[in-house]
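Student: I am new to this structure and should be grateful for a close look at a single part of it. Please choose one strand, describe its surroundings, and then proceed to whatever else can be set beside it.

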Amino acid sequence: MKIAVLPGDGIGTEIVAEAIRVLDTLDLSFEMESALVGGAAYEAHGHPLPESTLKLAKEADAVLFGAVGDWKYDRLERSLRPEQAILGLRKNLGLFANFRPAICYEQLVDASSLKPELIAGLDILIIRELTGDIYFGQPRGRRSAPDGHFPGAEEAFDTMRYSRPEIERIAHVAFQAARKRSKRVTSVDKANVLETFQLWKDVVTEVSQQYPDVELDHMYVDNAAMQLVKAPKKFDVVVTGNMFGDILSDEAAMLTGSIGMLPSASLNASNQGLYEPSHGSAPDIAGKGVANPLATILSAAMMLRFSLNQPEAADRIESAVKHVLAQGLRTADIWSDGTTKVGTREMGDAVVAAITKKTITG
Ligand code: IPM
Ligand code: MG
């Protein structure tokens, strides 16, 4: 088994280092190889996703990814910006199924901006389609407007599109995931306005006929955004397109207290996967040793479960994380009165210690 390790930019290097230490503690025999990605790769090789990095990622069974991006690259032409690395990996590896669980840990109920009773026990799974939609749809670009309200004016355009097979395969992923949970799927669309999402709704409904044991409902995205803060526990599996999933998954993250807690997995048809925290590179706190490594550590657990067939090792990481939270250890993003503030490294140390102790005591 081979893991490609791509720490990236900003806090990426700090949080991935902790996840690696946690993986090392487990005494499993993987090969790990690191490569530059994002702004770091641009600095060294002139491209955010160099051929060598892409090759490593393609050959690996799984990719452990940190984060990419920094404001200082905002002026580069789009194809050279750090974000293109993650989009390029998703596209080239065919990682169409993005799992973003939002779980509110008992100990963090007070870290959320929502009332405790709304989020205590929250456990939802957002399944975001990741290789289609307006993110990748062609044509796109800038031009002189051929028509519209201001003919001849400079305009920019992107294309929202989904094909039937793209919708079918993500719908199957959602229904199968729901079978392992509470057998409910909410499909989020904007069928009242967009052709793309009328097709989405029609196809998801058709696929649902193969899953009579799973209950399906449909919700418009604006309403879904509202329901997520009004009554988040009403959701179980949410399936949606690339753009709506991007937005709703950040919203769902905040229900849990901090986006610093949320792992994610992006899988292709052969279960090869890329695992990354749901948050970004946070250049404002990079290098300060204060970032929360738990989302990345939990992403490593998802990697063990989904791509490396090591569910017990995944369980050990997840229970170690619960253990350190129960000990009262908190990075700044989840800190509250009465808990102990720790840095990135100390949080990693504590997870490692919790795993080691469990090994000794069995
Ligand atoms: C995410 C991020 C990315 C996205 C960016 C970095 C391109 O926001 O993974 O949610 O929009 O998909
Ligand atoms: Mg996002």
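Tutor: The account below begins with one strand and its partners, then turns to the loops, a helix and the ligand.

This is a predicted model, in which local features need pLDDT of at least 70 and side-chain atom pairs count only at pLDDT 80 or more, while totals for chains, interfaces and linings use all residues. Residues are numbered from 1 along each chain as its sequence is written, chains are lettered from A and ligands numbered from 1 in the order in which they are written, and side-chain values use heavy atoms, with hydrogens and water left out.

The strand chosen is β12, which comprises residues 273-277. Helices (H or I, at least four residues) and strands (E, at least two) are DSSP runs, numbered from the N terminus. Five of the five residues of β12 are buried, so the strand is largely enclosed by the rest of the structure. Here buried means under 20% relative accessible area, exposed over 50%, and partly exposed in between, with a 1.4 Å probe and protein chains only. In a regular strand the side chains alternate between the two faces of the sheet. Both faces of β12 are covered: Gly273, Tyr275 and Pro277 are buried on one side, and Leu274 and Glu276 are buried on the other.

Two strands are said to pair if DSSP finds at least two bridges between them. With β3 (residues 62-67), β12 pairs in the parallel sense over three bridges; within this pairing, Leu64 has Tyr275 as its bridge partner. With β11 (residues 263-267), the pairing of β12 is antiparallel and runs over five bridges, and here Ser266 is matched with Leu274.

β11 and β12 form a hairpin, with five residues between them. Asn271 lies in this loop, and its phi is near 65°, a positive value in a residue other than glycine. Asn271 counts as partly exposed because its relative accessibility is 43%.

Another asparagine may be set beside it. Asn309, in the loop between α10 (294-306) and α11 (311-326), has a positive phi of about 55° although it is not a glycine. Asn309 is exposed, with a relative accessible area of 64%. A further loop, between β5 (123-129) and β6 (141-144), holds Pro139; the peptide bond from Gln138 to Pro139 is cis, with omega near 0°.

Helix α1 (residues 12-25) has 14 residues and reaches 20 Å from its first C-alpha to its last, close to the 20 Å expected at 1.5 Å a residue. The expected span is 1.5 Å times one less than the number of residues. Among the buried residues of α1 are Ile15, Val16, Ile20, Val22 and Leu23. Just after α1, Asp27 takes a positive phi of about 60°.

Ligand 1 is surrounded by Glu83, Arg90, Arg100, Arg128, Tyr135 and Asp246, each with a heavy atom within 4 Å of it. This shell divides into one nonpolar, no polar and five charged residues. Ala, Val, Leu, Ile, Met, Phe, Trp, Tyr, Cys and Pro count as nonpolar, Asp, Glu, Lys and Arg as charged, and the others, Gly among them, as polar. Polar contacts, pairs of N or O atoms within 3.5 Å, join oxygen atoms of ligand 1 to the side chains of Arg90 at 2.7 Å, Arg100 at 2.8 Å and Arg128 at 2.8 Å. The protein covers 75% of the 320 Å² of accessible area that ligand 1 has on its own, as given by the Shrake-Rupley method with a 1.4 Å probe.

Key:
A polar contact is a pair of N or O atoms within 3.5 Å; within protein, one must be able to donate a hydrogen and the other to accept it, and residues adjacent in sequence count only if both atoms are side-chain atoms.
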